[in-house]
Each structure stands twice: as C-alpha cells, then as structure tokens.
Amino acid sequence: MKKTLIAFVFLLLGSDLFAQSEWIPLFNGKNFDGWKIAENPSSFSIEDGLIKIDGPRAHAFYVGPVNNGEFKNFELMVELKTMPKANSGIFFHTAYQETGWPNKGYEVQVNQTHSDWRKSGSLYSFSDVREVHVKDGEWYTTHIIVRGDHVVIKINGKTVTDYTESKDNNRPANAGEKKFDKGTFAIQAHDPESVIYYKSIKVKVLD
C-alpha cells in the first residue's frame, strides 16, 4: 500500500511538472477569442487562419484564461511574417489600455525594412539591434524568455538580445512602467503601411 501511495504521489508530481513545461496556444487560428483590440479594431483580421495586421495604430491585448492573463516568468514563441516596410511589436508585462502606445511593459521590435533603425529582436530603446536577421515575406520565429529581470530574445533560434535590467547602467530616468514586473502580452498594428501576419502565438509558463 505504501509503495502504491508513493508511486501515485510521484505520478502527480510528474504530471504537474509536465503540464508546466507544455506550450499553450494563445491564438486559436479562428477568431480573436481571448484577445481585446484597442483603438482601431479594424486593423486586425483573420485571414486563412492567420492574424493579418493592416491599418492604423492598434494593439491586441491577450485577456484570455491562460494563467488568468497574467505572466511573470515565461517563454513566448511567436511565428510571424512581415511584408516590405512593415513595423510591429510584441509586448510583454503590459496591460490593456484604450489608446496610444502601451505605457506598461517592454516591446520586442518587429521590423526588417521599416525606416526605424531598431530591427527585429530589439528590446525597444533598451537593448537595440541594428542587424537584420530575416527577410520580409518569410516566416520566422521570435522566442522571448523572461526570468526575473532577465530577458533573452531569439530570432530563428539565434540569440540577438540578452538583457538584464538590474545591470543596465544607462536606464533612462523616464522609463516609468517600462520595466520587468508582470502582465499580459500584446501585438501591435503600427501604421497604415505596415502589413504583418501572425501564424502562431504560444506560451510556456515558468516558475
């Protein structure tokens, strides 16, 4: 009986650990269930199972049930494609707001050929990337790993940003709520000339 009980406990623990290591989709490929779009909802549409962004400034915030829509330590894997001159962003530790650029959290840049010199994989204005790692019109992955005040950003598996907030001696005094904390995710429609497609958005919650 004791051996059976011990085996059952280990089975439960193992199942819990396995569950925590699973990737969980945040976009279902059908609609915007679990997302709330601010400012210009028409900038976001579903086309052939993909999120298409095409229009003026808007942000889609995740407000769904996964982890109650609040994430601190996590891995986020996004599969996306930019069209020429497109600009977008992936926000984390942010919060829903009706208008404007998100005040809370950090932005991971999405940009290969837009005029902004900060390119994909930048932690926008805090640890910026000038090199272009992918081409417009091709699918690629952005992998964001956050633990504490440390973030690693990978483009197609290659680390392009490795940033620790507590070691940043040049952090601007007006950074405000752009800091590591906890919050949700958002994706950005930047301007009417930016067309971007998001195929997959999935998260792995970390302890």
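**Group meeting: salt bridges, hairpins and a pocket**

Okay, so a search of the whole structure turns up seven salt bridges. Before I go on, keep in mind that this is a predicted model. I'll take you through three of those bridges, then a pair of hairpins, then the pocket.

Let's start with Lys52. Its salt bridge partner is Glu47, and the closest N and O atoms sit 3.6 Å apart. Now, is Lys52 buried or exposed? Lys52 comes out as buried, with 18% relative accessibility, and the cut-off for that label is under 20%. Glu47, on the other end, is partly exposed at 32%.

Next one: Lys199 and Glu79. Here too there's a salt bridge, with 3.6 Å between the closest N and O atoms. So where do these two live in the fold? Lys199 is in strand β13, residues 195–205, while Glu79 is in strand β6, residues 74–82, so this pair ties together parts that are 120 residues apart in sequence. As for accessibility, Lys199 is partly exposed at 34%, and Glu79 is partly exposed as well, at 25%.

Third bridge: Asp128 with Arg118, at 2.9 Å from N to O. Both residues lie in the loop between β8 (106–111) and β9 (140–147), so what gets tied together here is ten residues apart in sequence. Arg118 counts as buried, at 18% relative accessibility, whereas Asp128 is partly exposed at 28%.

Right, on to the strands that follow that loop. β9 runs antiparallel to strand β10, residues 150–155, and six bridges join them. If you want a spot to click on, Ile145 has Val152 in β10 as its bridge partner. The hairpin of β9 and β10 has two residues between the strands, and Gly148 there takes a positive phi near 65 degrees.

Then β10 pairs on with strand β11, residues 158–164, again antiparallel and over six bridges. Which residue stands opposite Val151 in β11? That's Tyr163. This hairpin, β10 to β11, has two residues between the strands, and the residue with the positive phi is Asn156, near 50 degrees.

While we're on β11, have a look at Thr161, which lies in that strand. Thr161 is buried, at 2% relative accessibility. What does its side chain have for company? A polar atom of the Thr161 side chain lies 2.7 Å from the backbone oxygen of Gly121.

Last stop, the pocket. As a reminder, rolling a probe the size of a water molecule over the atoms shows where empty space is left. The largest pocket holds about 260 Å³. How many residues line it? There are 16 in the lining, and the ones nearest the centre are Phe91, Trp101, Glu107, Tyr124 and Lys178.

In terms of secondary structure, β7 (87–94) and β8 each put in at least two lining residues. The largest share comes from β8, with three residues. And for those of you thinking about what to dock, the lining splits into six nonpolar, seven polar and three charged residues.

That's my tour. If you've got the model open, go back to Asp128 and Arg118, the salt bridge at 2.9 Å, and then over to Thr161 in β11. Happy to take questions.

Methods:
Residues are numbered from 1 along each chain as its sequence is written. This is a predicted model: local features need pLDDT of at least 70, side-chain atom pairs count only at pLDDT 80 or more; totals for chains, interfaces and linings use all residues. Side-chain values use heavy atoms; hydrogens and water are left out. A salt bridge is a side-chain nitrogen of Lys or Arg within 4 Å of a carboxyl oxygen of Asp or Glu. Buried means under 20% relative accessible area, exposed over 50%, partly exposed in between (1.4 Å probe, protein chains only). Helices (H or I, at least four residues) and strands (E, at least two) are DSSP runs, numbered from the N terminus. Two strands pair if DSSP finds at least two bridges between them. On a 1 Å grid over the protein atoms alone, a cavity is a set of points where a 1.4 Å probe fits but cannot get out, and a pocket is an open set with protein on both sides within 12 Å along at least five of seven lines; lining residues have an atom within 4 Å of a point. Grid points are joined across faces, edges and corners, and a volume is the space filled by probe spheres set on the points. Ala, Val, Leu, Ile, Met, Phe, Trp, Tyr, Cys and Pro count as nonpolar, Asp, Glu, Lys and Arg as charged, and the others, Gly among them, as polar. A polar contact is a pair of N or O atoms within 3.5 Å; within protein, one must be able to donate a hydrogen and the other to accept it, and residues adjacent in sequence count only if both atoms are side-chain atoms.
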